Amino acid sequence: TFKKAVDRNKIKRRLRETIRLNAQNGLHFADQKNYTAIMFIFVGKELPEYKVINHAIKKLLKKLG
């Protein structure tokens, strides 16, 4: 729904940064034998703030972990 690539890329950067920071805090989904692939699809109409994305991703990763 975002026509400008700048906005789409901003969302992707925020998602990647949140996942990277939370992976450093001990939320790992891969061991030596099995790997897990997770795909996030953003369907909102407004550009979310980093804090909103961070909170949602932390909550989701805790449920998965």
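Leu60 counts as partly exposed because its relative accessibility is 34%, where buried means under 20% relative accessible area, exposed over 50% and partly exposed in between, with a 1.4 Å probe and protein chains only. This is a predicted model, in which local features need pLDDT of at least 70 and side-chain atom pairs count only at pLDDT 80 or more, while totals for chains, interfaces and linings use all residues. Residues are numbered from 1 along each chain as its sequence is written, and side-chain values use heavy atoms, with hydrogens and water left out.

Leu60 lies in helix H2, residues 50-64, and joins Ile38 and Leu64 in a nonpolar surface patch with about 240 Å² of accessible area together. Patches take residues with over 30% relative accessible area and no salt bridge, joining like charges within 9 Å and nonpolar side chains (Val, Leu, Ile, Met, Phe, Trp, Tyr) within 5 Å; a salt bridge is a side-chain nitrogen of Lys or Arg within 4 Å of a carboxyl oxygen of Asp or Glu.

A positive surface patch consists of Arg8, Lys12, Arg13 and Arg16, and Arg16 belongs to helix H1.

| Residue | Helix | Relative accessibility |
|---|---|---|
| Leu60 | H2 (residues 50-64) | 34%, partly exposed |
| Arg16 | H1 (residues 5-24) | 55%, exposed |

Overall, the chain has two helices and zero strands, these being DSSP runs (H or I, at least four residues, for helices; E, at least two, for strands). Of its 65 residues, 17% count as buried, and the accessible surface comes to about 5,700 Å², with 55% belonging to carbon and sulfur atoms, as computed by the Shrake-Rupley method with a 1.4 Å probe.

Key:
Lys, Arg positive; Asp, Glu negative; His and termini not counted. Charge placed at Lys NZ, Arg CZ, Asp CG, Glu CD.
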